[in-house]
Amino acid sequence: MTVTPPGKGVPTKYAAFSGLWAGRLDGTYDAKLAVQTISSNRKVTVTYGWGNLGDNYPGEAAGAGRIVGSTLKLERLPNGADVSFVMRPDGALAGTVTLAGQTYTGAFLKQ
């Protein structure tokens, strides 16, 4: 997986999202996020991977999204999941995944 460092035109607060992240949703479900590119207009490309999540089998999806303020919101994933991440003051991401009427949350740490 390739992560391209943000260019000089990307503000530091947005560049902080760049990189590989790992977390656990609801303390049980492993997930990983790779923020591969961030453009100066705050658009991102990502790969998101998950283990078993409710009735959904493990998988991964390439996606796109946008950073608004301190929130990275992905476009809906092919499995129907809505995924967002909020940058916390401690540098971790607070992840939220909504899938099939269930919402899962957890902290993601930079790897």
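I will talk about the aromatic ring pairs in this structure, which is a predicted model.

When the whole structure is searched, 4 aromatic pairs are found, and I would like to go through two of them with you. Let me begin with Tyr-29 and Tyr-104, whose rings are arranged edge-to-face, with 5.5 Å from centre to centre and 85 degrees between the planes. Tyr-29 belongs to strand 2, residues 29–38, while Tyr-104 belongs to strand 8, residues 102–110, so this pair ties together parts of the chain that lie 75 residues apart in sequence. As for their surroundings, Tyr-29 has a relative accessibility of 24% and is therefore counted as partly exposed, since that class begins where buried, under 20%, ends. Tyr-104, on the other hand, has 8% relative accessibility and counts as buried.

Now to Tyr-48 and Phe-85, where the ring centres are 6.2 Å apart and the planes meet at 55 degrees, so that this pair is classed as tilted. Which strands does this pair tie together? Tyr-48 sits in strand 3, residues 43–50, and Phe-85 in strand 6, residues 82–87, so the parts joined here are 37 residues apart in sequence. Both rings come from buried residues, Tyr-48 with a relative accessible area of 1% and Phe-85 with a relative accessibility of 0%.

Finally, if you have the structure open, please look at the residues around this second pair: Tyr-48 and Phe-85 are part of a cluster, linked by ring pairs, that also takes in Trp-50 and Phe-108.

Methods:
Residues numbered from 1 in each chain as written. Predicted model: local features only at pLDDT ≥ 70, side-chain atom pairs only at ≥ 80, totals over all residues. Heavy atoms only, no water. Phe/Tyr/Trp six-rings, centres within 6.5 Å; stacked < 30°, edge-to-face > 60°. Helix = DSSP H or I, 4+ residues; strand = E, 2+ residues; numbered from the N terminus. Buried < 20%, exposed > 50% of the residue type's maximum accessible area, 1.4 Å probe, protein only.
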